[in-house]
Number of protein chains: 2
Amino acid sequence: MDTVDKLSAYAKKINYDINIIGVPKTVDNDLTETDHTPGFGSAAKYIATTVREIGIDSDVYNLNSVTIVEIMGRNAGWLTASSILARNDYLKAPHLIYLPESTFDDEKFLNDIKELNASGVNNIIVAVSEGIKYADGTYVCEAASSGLTDVFGHKNLSGTAKVLENLVRDKLGFKARGVEINVSQRCAAHFTSETDVTEAFTVGQAAVKEAENGGTGMMMAYERVSNEPYKIEIKGKEISKIANGERVVPAEWIVNGNDLTDDMITYLKPLVLGEPKLKTENGIPVYMKR
Amino acid sequence: MDTVDKLSAYAKKINYDINIIGVPKTVDNDLTETDHTPGFGSAAKYIATTVREIGIDSDVYNLNSVTIVEIMGRNAGWLTASSILARNDYLKAPHLIYLPESTFDDEKFLNDIKELNASGVNNIIVAVSEGIKYADGTYVCEAASSGLTDVFGHKNLSGTAKVLENLVRDKLGFKARGVEINVSQRCAAHFTSETDVTEAFTVGQAAVKEAENGGTGMMMAYERVSNEPYKIEIKGKEISKIANGERVVPAEWIVNGNDLTDDMITYLKPLVLGEPKLKTENGIPVYMKR
């Protein structure tokens, strides 16, 4: 979106007749001025499903265990928060959810686990964002981090689950396992949200139409009109308000630094609905050739 | 199956009128006397699908990268081998496949990557079993292993992909990423093989029938009658031949220590066919309460 901003400003400056519209696309769901972003609903559905499955997998054992599921998100906890949809009537996994929007504290984390265990939960599932940080601003994963940066200069944040796994084992003596959902959360096209996929086509089409009508220097955004029935409208928004911005989980939706209010569930629910028909060949999904 | 063996021997010894039949169940596919095991087909399908998706995810970047996908398997490479079904006409991921049945060698591995890269493959996907070992018998992951053992006394084998990721980065300077598919390969019930699920019910029913008919001290096994059309028969096999045995990938199916013959594809193909109807609620799969 920063590129859309710069290109449209430059085109205007040199009086070049071209219309530049940003089409949002990020599983991270962290763009401003839009209710959500294409890709997020499918990633949220995959994450909630996977966390539910991990919960059932761990629940068959009669011992004290803690499974820490690491989910993408450097500064915004939307993907990690979406794991809340894994909960059902008989299994409350993930029992604890830690987002980068809250300060992380080792002692509080260990106490949260001890309290849950004391209340009768033997197999505890924890969802954590890769980017959770201590009060002094250092990443939890930095203890184990290699110090490498990605092509954008971001720190290589793998290892948060591993750090917490070791912490739980050392301090509480529970069986502990870190599970990094890794790249599948952004590329598992075999299980997507029909709502998300449909909206993604619609927002692309809306961008073309907007450009045809002379629009430029904007991003197409989702505006949520109602939750029940779920309805969105697509509108062009001024790009300068969006470029380099970041939308995080509202503080008032976070409970005790380890859970979320029902506002999050209300927000997420419509985004993960439906499964598109999947094309397979010899039992394996067929995807478009790029 | 060892328990079936012991219990049925003991029942016989004390002249106790009870029939004990083993029903196979393992994603590892490493039981002897059976063509394959319930659970394997679904795990194979999930792994092949995930590796295909990881291949596409990595293929969008124009740089030299190596993605190492770590798959379960201490001694038997069936699950890792199943990633071969990810290949299609335009994407040959996984480009390299390393099973525990072959000795692993760092220099050969690095040469395999260099050769592939020289032949024009920029984004290389490698499938490795967690249990690959060096010629001296030490596990590749032992460099990074915590030395912990699981409840059965097995060494805690996580970290193989991480060890190889660091090796590739240090020695070749390529972008490298380790991806551990982790527990999802055994519990991702949202994407299963209909063939596998159907057979699993059938083999359970056959066991009950066999017991009713007086059978004991055996395991129900799949016998493959034909590949096209795919047809199996279910037969009781003497448990003492199976208990504590282990079936690994035939040496003659392994090519150059880093690939597999078409025999593996012929073997795997029918096992991953079909997708059962998935029940969802609010967009997330609903599973049985235990």
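Asn244(A) sits in the loop between S9 and strand S10 (254-255) of chain A. Its phi is near 65°, a positive value in a residue other than glycine. That's worth a second look, because most residues other than glycine have a negative phi. Keep in mind as you browse that this is a predicted model. Besides that loop, there are two cis peptide bonds to find in chain A, an open sheet in each chain, a pair of packed helices in chain B, and a symmetry relation between the chains.

**Backbone oddities in chain A**

- Going from Ala93(A) to Pro94(A), the peptide bond is cis, with omega near 0°.
- You'll find Pro94(A) in the loop between helix H3 (78-81) and S3 of chain A.
- The bond from Glu228(A) to Pro229(A) is cis too, again with omega near 0°.
- Pro229(A) has its place in the loop that links strand S8 (218-227) and strand S9 (230-238) of chain A.
- For background, most peptide bonds are trans.

**The sheet in chain A**

- Four strands make up an open sheet here, lined up as S3-S5-S2-S7 (chain A), and their pairing is parallel.
- At the edges are strand S3 (96-98) and strand S7 (175-180) of chain A, each of which pairs on one side only.
- On average, neighbouring strands of this sheet are turned by 15° against each other, ignoring direction.
- S3(A) runs parallel to strand S5 (residues 123-129) of chain A, and three bridges join the two.
- To see where they meet, look at Ile97(A): its bridge partner in S5(A) is Ala127(A).
- Helix H2 (residues 40-59) of chain A lies across strand S2 (65-71), S5 and S7 of that chain.
- The direction of H2 is at about 165° to S2(A).

**The sheet in chain B**

- Chain B has an open sheet of four strands in the order S3-S4-S2-S5 (chain B), with parallel pairing.
- Its edge strands are strand S3 (96-98) and strand S5 (175-180) of chain B, and each pairs on one side only.
- Neighbouring strands in this sheet are turned by 15° against each other on average, direction ignored.
- Strand S2 (residues 65-71) of chain B pairs with strand S4 (residues 123-129) of chain B in the parallel sense, over seven bridges.
- One spot to check is Thr67(B), whose bridge partner in S4(B) is Ile125(B).

**Two packed helices in chain B**

- Helix H4 (residues 106-118) of chain B packs against helix H5 (residues 160-172) of chain B at an angle of about 65°, and their axes are 11 Å apart.
- That makes H4(B) and H5(B) roughly perpendicular to each other.
- The crossing of H4(B) past H5(B) is right-handed.
- On the H4(B) side, the contact is made by Asp106(B), Phe109(B), Leu110(B), Ile113(B) and Lys114(B).
- H5(B) contributes Leu164(B), Leu167(B), Val168(B), Lys171(B) and Leu172(B).
- Sorted by class, this contact has seven nonpolar residues, three charged ones and no polar ones.

**How the two chains relate**

- Chain B superposes on chain A after a rotation of 180° with 0.0 Å of shift along its axis, giving an RMSD of 0.0 Å.
- This is the relation of a two-fold axis.
- Both copies use the same surface: 100% of the contact residues of chain B recur in chain A.

Conventions
Residues are numbered from 1 along each chain as its sequence is written. Chains are lettered from A and ligands numbered from 1 in the order in which they are written. This is a predicted model: local features need pLDDT of at least 70, side-chain atom pairs count only at pLDDT 80 or more; totals for chains, interfaces and linings use all residues. Side-chain values use heavy atoms; hydrogens and water are left out. Two strands pair if DSSP finds at least two bridges between them. Axes are lines fitted to C-alpha atoms, for helices over the stretch in contact, and angles run from 0 to 180 degrees between N-to-C directions. Contact means heavy atoms within 4.5 Å. Angles under 35 degrees count as roughly parallel, over 145 as roughly antiparallel, 65 to 115 as roughly perpendicular and the rest as oblique. A crossing is left-handed if the near helix is turned anticlockwise from the far one by less than a right angle, and right-handed if clockwise. Ala, Val, Leu, Ile, Met, Phe, Trp, Tyr, Cys and Pro count as nonpolar, Asp, Glu, Lys and Arg as charged, and the others, Gly among them, as polar. Copies are superposed by least squares on the C-alpha atoms of residues with pLDDT of at least 70 in both.
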